[in-house]
Amino acid sequence: MNVTLAIFASAVCALSQSFEPANFNITKALLDNGVEASAIPKISDLADRSAFSGCSAACASLKLTFGSKIVAEGASGYDDFSKSYWSQQQEQVSPNCVFYPTKALDVSTMVLVSRLTKCPFAAKSGGHASFAGASNIEGGITVTFQNMKGVTFSKTKKTVDVQPGNVWKDVYTSLQSDNVAVVGGRVASVGVGGLTTGGGISFFANELGWACDNIESYEVVTASGVIVTASLSSYADLYWALRGGGNNFGLVTSFKMRTFPLGKMWGGDRVLLEPQIPAAIDAFVTLGKNSAKDTKAAQILSFAILGGEKFAFAQLEYAEPNANAPIFSEWNKISAAQDNIGIFTLAELTEKLDVVSPFGLRQSFWTQTAKLDKDLVNFILNVFYEEHEKVADIKDLLNPLSLQVITVPQMQKMRQNGGNALNLDPSQGPLLLFNPAPTWTDAADDDRVNRMIDAMFKRTAAEAEKRGLASKYIYMNYGSKYQDVIASYGSANKARLKSIARKYDPKQVFQKLQPGYFKLEGAPAKLS
Ligand SMILES: Cc1cc2nc3c(=O)[nH]c(=O)nc-3n(C[C@H](O)[C@H](O)[C@H](O)COP(=O)(O)OP(=O)(O)OC[C@H]3O[C@@H](n4cnc5c(N)ncnc54)[C@H](O)[C@@H]3O)c2cc1C
Ligand SMILES: *[C@@H]1O[C@H](CO)[C@@H](O)[C@H](O)[C@H]1NC(C)=O
């Protein structure tokens with residue numbers, strides 16, 4: 001090895017070891033947090049016990065330290081907590097205990113106790129991730145941020161510190177009296193934590209980028225329990241990784257979000273009948289391609305078959321109280337069977353969209369992208385109809401397919417502040433993002449539903465490839481457990497994410513002790 005290379009290698013090595021020393025002492029770190037590990041019941045003879053007995057020790061010790069912030073399985077409040085998940089799959093997971101931290105230091109202690117006892121954990125913000133284990137963990141410690149709901153302006157009100165126990169409606173409601181908003185979710189009960197760490201598509205994406213592109217800094221609890229603030233100027237690598245890297249790098253205890261001025265908006269949805277569908281597809285593709293002309297516009301076009309009839313639903317928004325924005329002229333010519341568009345506050349709009357997404361059903365989100373192309377949209381829709389037909393007999397099945405556009409302006413905005421982890425290139429845009437999201441009620445049908453979408457995706461991916469329109473990007477927040485999200489960011493970004501994880505989390509705490517959701521290596525599950 002030549003000298004320069006050797007120096008470089010040792011410098012890299014020193015850097016990657018400096019965050020958590022090889023001889024990191026968990027007991028000592030807990031003491032520094034004010035927790036005496038030797039007083040923890042059963043902890044002394046944990047050595048080679050199973051995760052389950054580790055978890056009884058972990059939960060007992062957290063109970064001793066935190067009292068009412070811990071709710072054990074079977075205790076009062078436990079069942080209500082389960083019902084706070086959106087999907088039935090997550091609701092049916094039973095953690096050994098539920099932890100309600102009130103501050104970052106509590107979260108730090110939980111991570112250290114998990115390491116000491118080898119008891120796995122999961123973290124929940126709004127609980128809208130659909131598959132089991134994404135934000136709840138069987139037999140482990142589930143952390144809920146429910147008691148961390150701060151929304152605190154900076155002096156200038158240019159930024160706001162938002163804690164992860166918030167759902168979007170709460171955030172927007174807190175901000176609206178100051179006539180400002182932040183770039184976040186479009187449905188009231190979705191959480192700040194999951195949406196923002198996975199990317200975050202908002203009504204304002206064309207103008208400002210995704211939620212993760214509008215975070216000034218993250219307060220994050222790392223694997224060694226150290227609490228850092230990651231921004232463009234400190235821990236910049238971690239800051240980049242948190243912009244789309246999901247739950248792989250730490251638990252975010254506060255998001256410093258940029259605000260922007262916002263009054264009332266124009267928006268809502270329109271129900272369209274089958275004869276209007278071709279015009280709707282035209283209007284959708286036109287707007288997707290022309291979005292740079294007026295970045296205040298947003299759209300989602302969804303399809304469903306209800307009682308044997310084909311319907312489309314157009315969700316349209318404009319970031320001003322203007323019902324006649326020229327960018328929507330093609331859309332506004334299409335006659336709707338029902339028109340629920342009006343002038344609303346952002347919080348009101350998110351509430352309107354929430355009523356179509358009830359809690360407690362079986363859910364499966366899937367997503368694929370391709371280059372935006374009208375003929376391909378028609379192909380995808382026909383494949384969807386054909387595959388839907390094969391499962392239409394499933395009890396209580398509702399099977400919507402939603403289309404969005406990852407526009408060129410969105411991708412350009414992703415480049416601000418050092419860029420994000422998603423690897424979306426404006427010169428390859430605009431992209432069509434499509435998202436089947438079936439719901440049903442009987443677990444016995446899970447396999448048929450998922451196979452139907454898998455079959456649909458095999459066909460649509462092959463066709464996009466054949467037409468030269470393929471894109472491998474998989475949006476984390478819409479991904480199914482059978483999809484490898486991080487690999488879809490490209491091999492260079494995946495390697496960079498893994499090296500950042502090695503630096504901040506050398507013992508792979510967030511890979512192994514927090515096993516749920518999209519990890520750095522591989523899809524969460526295989527369709528057998
Ligand atoms: C009805 C509905 C509407 C939606 N609307 C939108 C939309 O408008 N735009 C959009 O982009 N997506 C949307 N989504 C997708 C949504 O972004 C994802 O479901 C997202 O995971 C939800 O976040 P959550 O906090 O509610 O979920 P959770 O299930 O609580 O969390 C999801 C994942 O994020 C992790 N996580 C949560 N908080 C933190 C934290 N503080 N630090 C580190 N990791 C954390 C969790 O551990 C988990 O792995 C929607 C989903 C649904 C069901
Ligand atoms: C870790 O720290 C604790 C508490 O300070 C100490 O008692 C113990 O000896 C340390 N363990 C090692 C291996 O250094």
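This is a short selection tour of two sheets and the helices that lie across them, in a predicted model.

**Stop 1: the annotated span**

Select residues 91–262. UniProt, in an unreviewed entry, places the feature "domain: FAD-binding PCMH-type" here. By content, the span is 24% helix and 24% strand. Its end C-alpha atoms lie 36 Å apart.

**Stop 2: the sheet of 4 strands**

Now pick S1 (70–72) and S3 (121–124). These are the edge strands of an open sheet, and each pairs on one side only. Add S2 and S4 to complete the order S1-S2-S4-S3. Pairing in this sheet is mixed. Ignoring direction, neighbouring strands are turned by 20° against each other on average.

Zoom in on S1 and S2 (residues 97–99). The two run antiparallel, joined by 3 bridges. Which residue of S2 stands opposite Val71? Look for Val98.

**Stop 3: the helix across that sheet**

Select H6, residues 104–117. H6 lies across S2, S3 and S4 (141–144). Compare its direction with that of S4: the angle is about 170°.

**Stop 4: the sheet of 5 strands**

Move on to a second open sheet, with the order S5-S6-S10-S8-S9. Here the pairing is antiparallel. S5 (151–153) and S9 (227–231) form the edges, each pairing on one side only. From one strand to the next, the twist averages 20°.

Focus on S8 (residues 215–221) and S10 (residues 251–258). These antiparallel strands are joined by 6 bridges. Show Val220 and find its bridge partner in S10, Val252.

**Stop 5: the helix across the second sheet**

Select H7, residues 168–176. H7 lies across S5, S6 (159–162) and S10. Its direction is at about 30° to S5.

**Stop 6: H7 against H13**

Keep H7 on screen and add H13, residues 346–354. Their axes come within 8 Å and cross at roughly 160°. That angle is why H7 counts as roughly antiparallel to H13. The crossing is left-handed.

Which side chains should be displayed for this contact? On H7, show Lys169, Tyr172, Thr173 and Gln176. On H13, show Leu346, Ala347, Thr350 and Glu351. Colour them by class: the contact has 3 nonpolar, 3 polar and 2 charged residues.

**Last view**

Finish with H7, S5 and H13 together. H7 runs at about 30° to S5, and H7 crosses H13 at roughly 160°.

Note on methods: Residues are numbered from 1 along each chain as its sequence is written. Chains are lettered from A and ligands numbered from 1 in the order in which they are written. This is a predicted model: local features need pLDDT of at least 70, side-chain atom pairs count only at pLDDT 80 or more; totals for chains, interfaces and linings use all residues. Side-chain values use heavy atoms; hydrogens and water are left out. Axes are lines fitted to C-alpha atoms, for helices over the stretch in contact, and angles run from 0 to 180 degrees between N-to-C directions. Angles under 35 degrees count as roughly parallel, over 145 as roughly antiparallel, 65 to 115 as roughly perpendicular and the rest as oblique. A crossing is left-handed if the near helix is turned anticlockwise from the far one by less than a right angle, and right-handed if clockwise. Contact means heavy atoms within 4.5 Å. Ala, Val, Leu, Ile, Met, Phe, Trp, Tyr, Cys and Pro count as nonpolar, Asp, Glu, Lys and Arg as charged, and the others, Gly among them, as polar. Two strands pair if DSSP finds at least two bridges between them. UniProt positions are given in the numbering used here, feature names are shortened, and annotations may be inferred rather than shown by experiment.
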